[in-house]
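Please open the model in your viewer and keep the sequence panel beside it, so that each selection can be found in both. The tour goes from the whole chain to pairs of helices, and then to single residues.

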Amino acid sequence: MAASPGPAGGAAAGAVHGSGPFGLAFDSGLEIKTRSVEQTLLPLVSQITTLINHKDNTKKSDKTLQAIQRVGQAVNLAVGRFVKVGEAIANENWDLKEEINIACIEAKQAGETIAALTDMSSLNRPESDGQITIFTDKTGVIKAARLLLSSVTKVLLLADRVVIKQIIRSRNKVLATMERLEKVNSFQEFVQIFSQFGNEMVEFAHLTGDRQNDLKDEKKKAKMAAARAVLEKCTMMLLTASKTCLRHPNCESAHKNKEGVFDRMKVALDKVIEIVTECKPNGETDISSISIFTGIKEFKQSKKTKSIDEELELAILKISHSLNELKKELHSTAAQLAADLVKYHADHVVLKALKLTGVEGNLEGLAEYACKLSEQKERLVETCRLLRHVSGTEPLEITCIHAEETFQVTGQQIISAAETLTLHPSSKIAKENLDVFCEAWESQISDMLTLLREINDVFEGRRGEKYGYLSLPKPMKNNANLKSLKPDKPDSEEQAKIAKLGLKLGLLTSDANCEIEKWEDQEDEIVRYGRNMSSMAYSLYLFTRGEGPIKTSQDLMHQLEAFAEEGLKLASSVQAFSKQLKDDDKHMLLLEINKLVPLCHQLQAVTKIPLQNQVFLKVDKSITKTRCIMATLVQLLSLCYKLLKKLQMENNRWVSVTNKDSVDGKT
């Protein structure tokens with residue numbers, strides 16, 4: 001089954017108001033019902049198959065007969081529920097009603113046939129000699145089971161078409177409202193239409209989010225995630241860009257800024273429909289297929305499938321080996337360049353300068369920093385293009401393309417927003433608009449770190465945990481009863497501070513990984529503990545962005561406790577290693593250990609402080625302390641590696657001298 005509004009999706013939103021997307025009051029959505037029935041039917045049909053294949057001479061005990069009857073009844077009941085859902089879909093979709101009803105009738109007949117053939121209640125009575133059962137008519141059961149699977153499949157495929165239509169309708173509603181927003185001339189009218197637009201976008205986000213989760217093709221899933229990420233970020237941009245235009249109707253840069261947002265959203269909406277319907281407009285080619293990664297991959301399939309003589313095969317093997325070497329060099333260069341670029345731009349100096357020139361109304365300053373941002377944008381775009389060639393998987397390649405497009409478009413929009421603010425330096429709306437676009441840029445810089453980490457994981461054979469883009473907020477039923485389960489949400493200022501701390505933490509995990517990769521023995525205790533700490537710190541970094549496996553402050557505290565314990569284990573291993581060193585080297589290493597141990601104890605103390613109303617303060621202290629530990633870890637790993645190499649050289653020299661003395665003695 002490919003499509004399904006999930007329990008948190010559009011159908012659940014509908015259920016809050018008393019009806020689902022098809023006008024039915026199903027709590028978990030219509031598609032969830034069909035899927036649950038499907039999942040019930042298939043194992044039961046499997047059991048029937050087992051019963052069909054039983055040996056004729058098997059003794060028919062009461063227990064066996066009861067089991068057969070229970071299976072038959074369960075199948076019939078499940079089919080009954082399935083048919084009700086199918087009929088409900090048919091009643092809401094007249095163009096498919098006849099096809100769905102025919103399939104439902106077939107399913108019902110099959111269910112009743114199976115129930116009749118597995119009815120063992122009167123089998124042991126004298127008058128039951130002529131009764132047709134599973135024991136006397138195996139062919140009938142097989143036919144009924146096949147008919148059941150066939151009819152269920154038909155209904156599910158037709159339901160899938162309904163869901164696709166639902167997504168298309170939702171997209172069309174969004175587009176129609178966007179057209180009204182483009183033409184709006186007053187704040188009051190804008191507020192009314194944008195409120196409607198927001199509701200429609202939430203519905204569209206739910207439908208497409210559930211569709212994304214159900215997609216089996218990882219490439220399509222990545223494309224859907226990229227398109228939804230654009231829509232999510234552009235929704236807020238659309239709000240501030242439109243307000244700025246209304247406030248400054250004669251400002252050309254404000255209109256240019258707004259048009260850029262509308263254009264990007266329309267492209268993203270079309271992309272979603274293209275994925276859902278599997279149709280490309282105007283026979284366009286897929287840009288994601290043009291890369292070194294894909295080229296090398298295709299060349300290696302070709303060499304296995306074609307029959308060629310030995311000489312040519314040897315030549316191809318040599319070329320293949322050279323291509324692997326080229327891939328390694330290209331990956332190393334691209335990854336290092338990307339990491340350096342992200343670190344260099346982590347402080348967002350140019351964005352801060354643009355904001356300052358805007359509020360000062362400094363046109364000369366604007367021109368200077370707009371030029372610098374354009375240069376930065378071009379470098380980032382080129383880096384994304386380079387990363388595409390070493391991405392390693394099609395979903396990551398698509399994410400690289402998404403990052404490239406985001407930098408390309410957002411960079412230009414920041415400049416137009418900054419120009420509007422410079423022309424109207426006292427405008428609060430223009431300032432807010434620039435802030436929104438700058439936040440989108442900062443978010444994409446942060447996403448680059450995650451992307452780079454995942455590309456490295458694939459290259460090194462570690463398929464890291466994948467984290468999708470955040471979806472728009474989903475409404476929930478019984479909010480009052482779910483307060484205790486809601487993730488802790490800091491306000492915008494606190495969130496910005498945590499995000500900044502998190503980015504620095506993320507960069508430190510990258511530094512730690514670089515140090516770890518230097519070690520030849522990847523199973524060394526120091527390396528293992530260091531890798532574990534880096535992995536935990538990366539999860540903490542994702543938490544600061546509202547992503548990853550850590551969802552609440554309580555989850556965070558558990559992770560921090562584990563992180564501190566791992567740090568103490570590392571300190572213990574390093575201390576054991578120090579016993580092999582000379583006094584000076586040992587003293588130098590112990591100084592670093594003496595920094596790490598107190599920091600781990602301090603972090604443990606922070607995690608034990610009661611939360612109460614000081615959640616942000618506790619999270620802030622914890623992340624800050626974790627950063628200090630990671631900085632110490634990087635220094636410690638680097639020092640341990642150098643001292644290990646020094647120790648190995650001294651040992652080799654000693655062995656060499658010993659061997660020479662032994663040879664001289666024999667002579």
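## The whole chain

Begin with the entire protein chain in a ribbon view, where you will find 19 helices and 0 strands. Please keep in mind as you look that this is a predicted model. If you colour the residues by burial, 47% of the 667 residues of the protein chain count as buried. Switch on a surface next, and you are looking at an accessible surface of about 34,200 Å², with 53% of that surface belonging to carbon and sulfur atoms. Contacts also link parts of the sequence that lie apart: among the contacts in the protein chain with a separation of 6 or more, 77% are accounted for by residues 24 or more positions apart.

## Helices α17 and α18

Two packed helices are described by the angle between their axes and the distance between the axes. With that in mind, select residues 553-578, which form helix α17, together with residues 583-607, which form helix α18. The axes of this pair come within 9 Å and cross at roughly 160°, which makes α17 roughly antiparallel to α18. Turn the view until one helix lies in front of the other, and you can examine the crossing of α17 with α18, which is left-handed. If you colour the residues of this contact by class, you will have 16 nonpolar, 6 polar and 3 charged residues.

## Helix α8 and its partners

Now select helix α8, residues 252-277, and with it helix α6, residues 187-214. Here the axes are 12 Å apart and the helices pack at an angle of about 35°, and the crossing of α6 and α8 is left-handed. To see where they touch, show the side chains of Phe197, Met201, Phe204, Thr208 and Arg211 on α6, and those of Met265, Leu269, Val272 and Val276 on α8. Sorted by class, this contact of α6 with α8 holds 7 nonpolar, 1 polar and 1 charged residues.

Keep α8 selected and add helix α13, residues 394-423. The axes of α8 and α13 come within 8 Å and cross at roughly 155°, and the two helices are therefore roughly antiparallel to each other. The crossing of α8 and α13 is left-handed. On the α8 side of this contact, display Ser253, Ala254, Lys256, Asn257, Gly260, Val261 and Arg264. On the α13 side, the residues to display include His402, Glu405, Thr406, Val409 and Thr410, and also Gln412, Gln413, Ser416 and Ala417. The classes in the contact of α8 with α13 are 5 nonpolar, 10 polar and 4 charged residues.

Before leaving α8, pick out glutamate 274, which lies in this helix. Is glutamate 274 buried or exposed? Its relative accessible area is 11%, and because buried means under 20%, glutamate 274 counts as buried. Draw a distance from its C-alpha atom to that of lysine 220, and your viewer should give 10.0 Å, although the two residues are 54 residues apart along the chain.

## Single residues to pick out

Move to arginine 228, whose place is in helix α7, residues 218-247. Arginine 228 is buried, with a relative accessible area of 11%, and its C-alpha atom is separated by 7.3 Å from that of alanine 205, which is 23 residues away along the chain.

Then select asparagine 172 in helix α5, residues 138-183. At 38% relative accessibility, asparagine 172 counts as partly exposed. Its C-alpha atom and that of leucine 269 are separated by 9.2 Å, with their positions 97 residues apart along the chain.

Next comes glutamine 376, which is found in helix α12, residues 363-388. Glutamine 376 is buried, with a relative accessible area of 5%. Which residues should you show around glutamine 376? Leaving aside the neighbours within four places in sequence, they are His345, Val350 and Trp441, with which glutamine 376 is in contact.

Finish at histidine 348, in the loop between α10 (310-344) and α11 (349-360). Histidine 348 is buried, with a relative accessible area of 12%. Most residues other than glycine have a negative phi. Histidine 348, although it is not a glycine, has a positive phi of about 55°.

Conventions
Residues are numbered from 1 along each chain as its sequence is written. This is a predicted model: local features need pLDDT of at least 70, side-chain atom pairs count only at pLDDT 80 or more; totals for chains, interfaces and linings use all residues. Side-chain values use heavy atoms; hydrogens and water are left out. Helices (H or I, at least four residues) and strands (E, at least two) are DSSP runs, numbered from the N terminus. Buried means under 20% relative accessible area, exposed over 50%, partly exposed in between (1.4 Å probe, protein chains only). Contact means heavy atoms within 4.5 Å. Accessible areas come from the Shrake-Rupley method with a 1.4 Å probe; for residues, only the protein chains shown count as cover. Axes are lines fitted to C-alpha atoms, for helices over the stretch in contact, and angles run from 0 to 180 degrees between N-to-C directions. Angles under 35 degrees count as roughly parallel, over 145 as roughly antiparallel, 65 to 115 as roughly perpendicular and the rest as oblique. A crossing is left-handed if the near helix is turned anticlockwise from the far one by less than a right angle, and right-handed if clockwise. Ala, Val, Leu, Ile, Met, Phe, Trp, Tyr, Cys and Pro count as nonpolar, Asp, Glu, Lys and Arg as charged, and the others, Gly among them, as polar.
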